[in-house]
Protein chains: 6
Amino acid sequence: MPTVPLIPEDSDHPTVRRVFDDIKATKKIDFIPNVWRALATHPEHLELCWTRLKAIMAPGKVDALTKEIVALAVSATNGCNYCINSHTAACQKLGLTLEQLGEVLAVVGLFNQMNKLADSYQVEPDLRPRPW
Amino acid sequence: MPTVPLIPEDSDHPTVRRVFDDIKATKKIDFIPNVWRALATHPEHLELCWTRLKAIMAPGKVDALTKEIVALAVSATNGCNYCINSHTAACQKLGLTLEQLGEVLAVVGLFNQMNKLADSYQVEPDLRPRPW
Amino acid sequence: MPTVPLIPEDSDHPTVRRVFDDIKATKKIDFIPNVWRALATHPEHLELCWTRLKAIMAPGKVDALTKEIVALAVSATNGCNYCINSHTAACQKLGLTLEQLGEVLAVVGLFNQMNKLADSYQVEPDLRPRPW
Amino acid sequence: MPTVPLIPEDSDHPTVRRVFDDIKATKKIDFIPNVWRALATHPEHLELCWTRLKAIMAPGKVDALTKEIVALAVSATNGCNYCINSHTAACQKLGLTLEQLGEVLAVVGLFNQMNKLADSYQVEPDLRPRPW
Amino acid sequence: MPTVPLIPEDSDHPTVRRVFDDIKATKKIDFIPNVWRALATHPEHLELCWTRLKAIMAPGKVDALTKEIVALAVSATNGCNYCINSHTAACQKLGLTLEQLGEVLAVVGLFNQMNKLADSYQVEPDLRPRPW
Amino acid sequence: MPTVPLIPEDSDHPTVRRVFDDIKATKKIDFIPNVWRALATHPEHLELCWTRLKAIMAPGKVDALTKEIVALAVSATNGCNYCINSHTAACQKLGLTLEQLGEVLAVVGLFNQMNKLADSYQVEPDLRPRPW
């Protein structure tokens, strides 16, 4: 159960209404996901979060599906149930197949293992030129 | 400093030699990265790790660059210095530009924030059909 | 479902009884929170945990509300559902308003993002005098 | 070593210059911390991060020191070396004493322990009214 | 709710069938745990995971119970509900008593605390000879 | 560099001296590890940490080496450099061989992977009787 009352989708707080409308239009959905309804308990923070997320997730030099895959990889590594559900659904909507999901999660699992092995042995970065 | 002695690149342990040769050939590099030299202190584990990594990272229904981006996202979320260095370099080698890196890391940062906000408010997954 | 049987509130094990009574008196509550009932399956550990928590959470040079805010920030960063619920409630009881909660969680979200960006770019600490 | 070239403090990129000037003025410092110089490799992201950080960290219903303490608690829980150094210094600058630091970190340590114990025993939240 | 359809225990996909049969025989159980049914949505990954897990968890120079205790300690530190349940049950099956569980989890809690305190104060490793 | 001045080993603060002497006697070492010298900046917290650690790490129904292995597994999962170094050394001192270390870390790596896969697929615990 959320720790705060979720703000109704038809809130008439001007900031909340503006953000909620933009969320629906941008994501092409007809409901407000729960996390935004919780954030709306603090309208200024809601707006800061949404405008930034909208800017960062817009396709740029990296396409929208790759960005959602990164979002899923981060959420899985953090074990955030809400976000795993939400970004898995978003990946599927953008065309990720079940077989591709299997490959992506295999990579997620693999490097959660390798990260801890590198830490476990206290391995130092290989000497080589800086990438850029 | 590593907690174990790194096995020399020219080790003559047959399993180690076989894996080291395959690492160089597969990754098209002329040195053995430190993490594999540490894992080689337990040759059977080295081989298990390498054969699995090789299988999972081979391009399949998801391309090699996307897989490296996922590896970087996981490593950054876990804060593993060795792996962040290694996968940033691998992404660059596969063509990721500095501008694209900025976009990828923006997504990594964003969802590390959003994951914690979703957890903080104990938000429950939105009801909707299962993706697949 | 807990992995161990929760010890009843009216347990007659002398250590458990002593700790349970002190929990109720110190926290001014009339029930034993579930985590303490689980810890009571190992009475010595229960007592070690409780006496230490009591000592650390007592107001000192830092006030009780700030300590609960820190507890919430840690629990949110770790994504511990039980503790997020418990420390959110404790903060509210000590006077934190919904608006202040929004500000605190905004900071929690922000630095979960910034931490990962600093790690992602492998940024080294700025040179400056040690704080103390 | 950072994975990207740190942008010089006297960069003449207009966005970078605007943000760098604002960082110095807002934080009342005469240098640009490394994390901002790394973020400046992607000027739009730099600006998004800075404007949001500035908005969230401004004193509101929660004072500046409490916000820095939360930032330190989050950074310590994530084990981010850069941020631990930076927020410890910021707390000291805002008046936190060494003794108060000891109390804050005691709370950080305590709930990193308690979070994992609550998870370990799979304890469910106590039933009680929602805080707000 | 899982994000993918769990593959039925009586799947007739040859890889899945082979792995499922081996899981039952190796673990001496008469059902397929849910995690394997989810992994079976990508049969090649299922097989990679299972053969590696089987190799690593076989008693070697470290006994089976100690390995399960390590699995529980890792799962508790990561806060993975599924795995905490599964490895607690496995530990009990191998003879761990409730009292021993209390001791193990006390150590898990303790070092989750101490890890964060060492990070908080940015303590450097003590100088001493490398272990091996 | 530590964020606080490390308290000298020959401190004449009575609590610090008492704890430092006990650390040397209990651990049979002739120096004070850095983490305790940092904690000594808050003598009451130092004493709380040490007395609890001493109680929990004393051999009981679980032997000392298994406890150190758990400490290492936790520290590796958290990526705490100081503690990985310290507990690897402690394991070696208690008789863990390099080959056994390889097996232990293989288990650590494996379940960091499996934990994230279970989370990724949002798998629910298998129904079965509670362990105890």
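In the predicted model, A:Thr41 touches A:Val4, A:Pro5, A:Ile7, B:Tyr121 and C:Leu98, when residues up to four places away in sequence are not counted. A:Thr41 is located in the loop that joins α2 and α3 of chain A. Its relative accessibility is 14%, so A:Thr41 counts as buried, the limit being under 20%. Of the residues it touches within chain A, A:Ile7 is 34 residues away in sequence, and the C-alpha atoms of A:Thr41 and A:Ile7 are 6.5 Å apart in space. The side chain of A:Thr41 also reaches the backbone oxygen of A:Ala38, at a distance of 2.7 Å.

The contact between A:Thr41 and B:Tyr121 leads to the interface of chain A and chain B. Here 71 residues of chain A are in contact with 71 residues of chain B. The size of an interface is often given as the accessible area lost when the parts come together. For chain A and chain B the buried area is about 6,700 Å², with 68% of it given by carbon and sulfur atoms. A:Phe111, A:Tyr121 and A:Trp132 supply 11% of the area that chain A buries against chain B, more than any other three residues.

Chain A can be laid on chain B by a turn of 180 degrees and a shift of 0.0 Å along the axis, with an RMSD of 0.0 Å. Of the interface residues of chain A, 100% are also interface residues in chain B, so the two copies meet through the same surface.

Polar interactions across this interface include 2 salt bridges. One salt bridge joins the side chains of A:Lys67 and B:Glu103, with an N to O distance of 3.0 Å. In addition, 28 residue pairs are in polar contact across the interface of chain A and chain B, both residues of each pair having pLDDT 80 or more. On the side of chain A that touches chain B, at least two residues each come from α2 (34–39), α3 (43–57), α4 (64–78), α5 (81–93) and α6 (98–120) of chain A. The largest share, 20 residues, is provided by α6(A). By class, this side of chain A has 40 nonpolar, 21 polar and 10 charged residues.

A further interface is formed by chain D and chain A, with 13 residues taken from chain D and 13 residues from chain A. Together, chain D and chain A bury about 1,200 Å², and 69% of this area lies on carbon and sulfur atoms. D:Leu48, D:Arg52 and D:Arg130 supply 46% of the area that chain D buries against chain A, more than any other three residues. The side of chain D that touches chain A comprises 9 nonpolar, 2 polar and 2 charged residues. There are 0 salt bridges across this interface, whereas 4 residue pairs, both members at pLDDT 80 or more, are in polar contact.

Superposition of chain D on chain A gives an RMSD of 0.0 Å, by a turn of 180 degrees and a shift of 0.0 Å along the axis. That is the relation of a two-fold axis. D:Arg52, one of the three residues named above for the area buried by chain D, comes closest to the rotation axis of the residues of chain D, at 4.2 Å for its C-alpha. The copies meet through the same surface, because 100% of the interface residues of chain D are also interface residues in chain A.

Contacts that involve several chains are also found at F:Asn85, which belongs to helix α5 (residues 81–93) of chain F. Apart from neighbours within four places in sequence, F:Asn85 is in contact with A:Gln122, B:Met1, B:Thr3, E:Pro125 and E:Arg128. Within chain F, a polar atom of the side chain of F:Asn85 lies 2.9 Å from the backbone oxygen of F:Asn81.

Positive phi values occur at residues that are not glycine, including A:Lys28, with phi of about 50 degrees, and C:Gln122, with phi near 55 degrees. A:Lys28 lies in the loop between α1 (14–27) and α2 of chain A, while C:Gln122 is placed in the segment after α6 (98–120) of chain C. A:Lys28 is exposed, with a relative accessible area of 70%. C:Gln122, in contrast, counts as buried, at 10% relative accessibility.

How values were computed: Residues numbered from 1 in each chain as written. Chains lettered and ligands numbered in written order. Heavy atoms only, no water. Least-squares fit on C-alpha atoms with pLDDT ≥ 70 in both. Contact = heavy atoms within 4.5 Å. Buried area = accessible area lost by both parts, 1.4 Å probe. Salt bridge = Lys/Arg side-chain N within 4 Å of Asp/Glu carboxyl O. Polar contact = N/O pair within 3.5 Å; in protein donor to acceptor, adjacent residues only side chain to side chain. Nonpolar A, V, L, I, M, F, W, Y, C, P; charged D, E, K, R; others polar. Helix = DSSP H or I, 4+ residues; strand = E, 2+ residues; numbered from the N terminus. Buried < 20%, exposed > 50% of the residue type's maximum accessible area, 1.4 Å probe, protein only.
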